[in-house]
Amino acid sequence: MSYLDNILFAILLIVGFGFFAASVKKIIRNINLGVDVNRKDNSKARWKNMALIALGQSKMVRRPVAGILHIFVYVGFIIINIELLEIIIDGLFGTHRIFAPYLGVVYDVLIASFEILAILVIFAVTVFWIRRNFIRLKRFIHSDLKGFPKSDANYILYFETVLMILFLLMNASDLHLQSVPGGVFHKAGSFPISQFIAPIFNGMSNELVMLLFEVFWWLHIVGILIFMNYLYFSKHLHILLAFPNTYFANLNPEGQFDNLESVTKEVKLMMDPNADPFAAAPADENAAPSKFGASDVQDLNWVQLLNAYTCTECGRCTSACPANQTGKKLSPRKIMMDTRDRLQEVGKNIDANKGVFVPDNKTLLNDYITPEELWACTSCNACVEECPVNISPLSIIMDMRRYLVMEQSAAPMSLNAMMTNIENNGAPWQYSQQDRLNWKNEN
Ligand code: SF4
Ligand code: SF4
């Protein structure tokens, strides 16, 4: 590589990482639009969650075929990118396989394992493509995934395949140049896969193979930088966010809801005839929030917004959702996708208005998610249980329902009647207080 190439490479890196840093900054800014929630407790359990679920992929393998193939892609992605470090150093300083002399046989083992992983990634990605486009699994052709989300999933599969092929072609041309008489490159690495590709360069001049090597090398690194910057727009953000998302996930039992203290106190006073209303806590301790529930993304907490960016759009939640299975309009995957879309819209609004959100007469409720979807939920938690990265669509549904009930009194008729009865009779039925046990006489 000439000095000019090294300078060009340095500029490319600065631009690639610069854009990526700007995207990360935007994501953090948008997540911080959410209200605060304390997830700093019990760090031991949180690290364990992250190690098992994000790193260990423990929930992915519940569906073994997809789980194991996903591990190939995931491990391949992580491990092969270790090589990125060497590529960057070589690109900046004009060296060639700089780690080889220092690592010796370890280097050979590393390069060989990268190649085996590369071929496993190509295999896994091909199976994923077939499942998505040929077998057409129901959760991949669901109406949620029309338009960009459907294309996004395929783009990533194509991207990963091209990157792996470029990686193998780069190694194969390198091996050829190491093996020619006199050796254009010094001997370095072991190439169990690309040794079968290298013969395609036989008969070509060294200059031509060198040119091809450089083309593969540049396309590989440029492809990686493009892939990294594409993440911001893609469901593939989960390859980074799955880690914080599992760390900050709710540790409470799934059936435990986060009741509002102020409301709980009122209900207890109402239900308990012996309660002493004057024994209430100081006014500010249980003060009612300024708004009950959530109608837009800024009303959700930051972990719910992190959930939205982390969603892999795999549809495991929707395929397990009883409401969806029985033909209701609800899809928990759509709840997460809508939340992310709205959050992105709010973020763009802030960018366009010098850091301030200017009301746009839109909200997550109604413009993205309808009350019909929210009321179809049975709060069974199947979506939470199924999610491979510990996302809770249910918590968003419950917060939006809370808004409908407490701010808009817009619950379905049957619920309104029940709540009126609780308020008036201390029981869900339409009996007076004295007759509240009459329900057991009905057949
Ligand atoms: S909690 Fe609601 S959204 Fe989640 S699976 Fe159950 S019914 Fe579906
Ligand atoms: S919420 Fe979880 S299960 Fe549902 S689509 Fe997103 S990642 Fe998959």
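Here are a few short exercises on a predicted model, each with a worked solution.

**Exercise 1.** Work out what the protein is built from: how many helices and how many strands are there?

*Solution.* Go along the chain and tally up the elements. You end up with 19 helices and zero strands.

**Exercise 2.** Compare the radius of gyration of the protein with that of a compact globule of 443 residues.

*Solution.* Start with the globule: its radius of gyration would be near 22 Å. Now take the protein, which comes out at 28 Å. Then look at the C-alpha trace, which spans about 100 × 50 × 40 Å along its principal axes.

**Exercise 3.** Find out what percentage of the 443 residues is buried, and what the exposed surface is made of.

*Solution.* Count a residue as buried if its relative accessible area is under 20%. That gives 44% of the residues. Next, turn to the outside: the protein exposes about 23,100 Å², with carbon and sulfur atoms supplying 64% of that area.

**Exercise 4.** Check the span of helix α19, then say what follows the helix.

*Solution.* Helix α19 covers residues 413-425, so that's 13 residues. At 1.5 Å a residue, it should span 18 Å. The expected span uses one less than the number of residues. The end C-alpha atoms are 18 Å apart, so the two values agree. Right after α19 comes Gly426, with a positive phi near 75 degrees.

**Exercise 5.** Describe the shell around ligand 2: which residues are the closest, and which classes are there?

*Solution.* The shell has 13 residues, the closest being Cys311, Cys314, Gly315, Cys317 and Cys387. Helices α12 (316-320) and α14 (332-352) each give two or more residues to it. Sorted by class, you get eight nonpolar, two polar and three charged residues.

Key
Residues numbered from 1 in each chain as written. Chains lettered and ligands numbered in written order. Predicted model: local features only at pLDDT ≥ 70, side-chain atom pairs only at ≥ 80, totals over all residues. Heavy atoms only, no water. Near = heavy atom within 4 Å. Helix = DSSP H or I, 4+ residues; strand = E, 2+ residues; numbered from the N terminus. Nonpolar A, V, L, I, M, F, W, Y, C, P; charged D, E, K, R; others polar. Rg over C-alpha atoms; globule rule 2.2 N^0.38 Å. Buried < 20%, exposed > 50% of the residue type's maximum accessible area, 1.4 Å probe, protein only. Areas by Shrake-Rupley, 256 points an atom, 1.4 Å probe, with all protein chains shown as cover.
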